Amino acid sequence: MENLHYFGAAIGLGLVVIGAGLGIGRFAAAAAEGIARQPNAAAQITGAINLPLFLLEGVAILAEVFIFLILILV
């Protein structure tokens, strides 16, 4: 029972990775569908989708860092 925080951190890290993967997948699917409908607007769609993708990836990386910090400090 003294190592239960490792189990909680593993579940939290798994949820972060799953959530980030689903979010990035939805963004990529929407961008691909938009480019397929209007190939002339591919540059604008790609430019508009990059910032949310970077922010989503940043949130996932920060969550992983926080989980590892909690493991180190506990």
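## A two-helix predicted model

At 65% relative accessibility, R37 counts as exposed, because the cut-off for that word is a relative accessible area over 50%. The model in which this residue sits is a predicted one, and what follows describes its surface, its overall form and a few of its residues.

R37 does not stand alone, for its side chain meets that of E33 in a salt bridge, with 2.9 Å from N to O. Side chains of opposite charge can pair when their charged atoms come close. The two residues are 4 apart in helix α1, which covers residues 4-37, and so they are separated by about one helical turn. E33, the partner, is partly exposed, with a relative accessible area of 43%. The count of salt bridges in the protein comes to 1.

Turning to the fold as a whole, the secondary structure consists of 2 helices and 0 strands. A compact globule of 74 residues would have a radius of gyration near 11 Å, whereas this protein has 17 Å. Its C-alpha atoms fill a box of roughly 60 × 15 × 5 Å when the box is taken along the principal axes. Of the 74 residues, 12% count as buried, and the accessible surface comes to about 5500 Å², with 75% of that area belonging to carbon and sulfur atoms.

Which residues does L13 touch, once its neighbours within four places in sequence are left aside? L13, whose place is in helix α1, is in contact with E64, I67 and F68. L13 is partly exposed, with a relative accessible area of 22%. Along the chain, L13 and A28 are 15 residues apart, and in space their C-alpha atoms are 22 Å apart. Contacts across long stretches of sequence also appear in the totals for the protein: among contacts between residues at least 6 apart in sequence, 77% join residues at least 24 apart.

The surface also carries a nonpolar patch of about 730 Å², which is made by I61, L62, V65, F66, L69, I72 and L73. One of these residues, I72, lies in helix α2, which covers residues 42-73, and I72 is exposed, with a relative accessible area of 66%.

The table sets out the accessibility of the four residues discussed above.

| Residue | Relative accessible area | Class |
|---|---|---|
| I72 | 66% | exposed |
| R37 | 65% | exposed |
| E33 | 43% | partly exposed |
| L13 | 22% | partly exposed |

How values were computed. Residues are numbered from 1 along each chain as its sequence is written. This is a predicted model: local features need pLDDT of at least 70, side-chain atom pairs count only at pLDDT 80 or more; totals for chains, interfaces and linings use all residues. Side-chain values use heavy atoms; hydrogens and water are left out. Patches are made of residues with over 30% relative accessible area and no salt bridge: like charges are joined within 9 Å, nonpolar side chains (Val, Leu, Ile, Met, Phe, Trp, Tyr) within 5 Å. Accessible areas come from the Shrake-Rupley method with a 1.4 Å probe; for residues, only the protein chains shown count as cover. A salt bridge is a side-chain nitrogen of Lys or Arg within 4 Å of a carboxyl oxygen of Asp or Glu. Buried means under 20% relative accessible area, exposed over 50%, partly exposed in between (1.4 Å probe, protein chains only). The radius of gyration is taken over C-alpha atoms; the globule rule is 2.2 Å times the number of residues to the power 0.38. Contact means heavy atoms within 4.5 Å.
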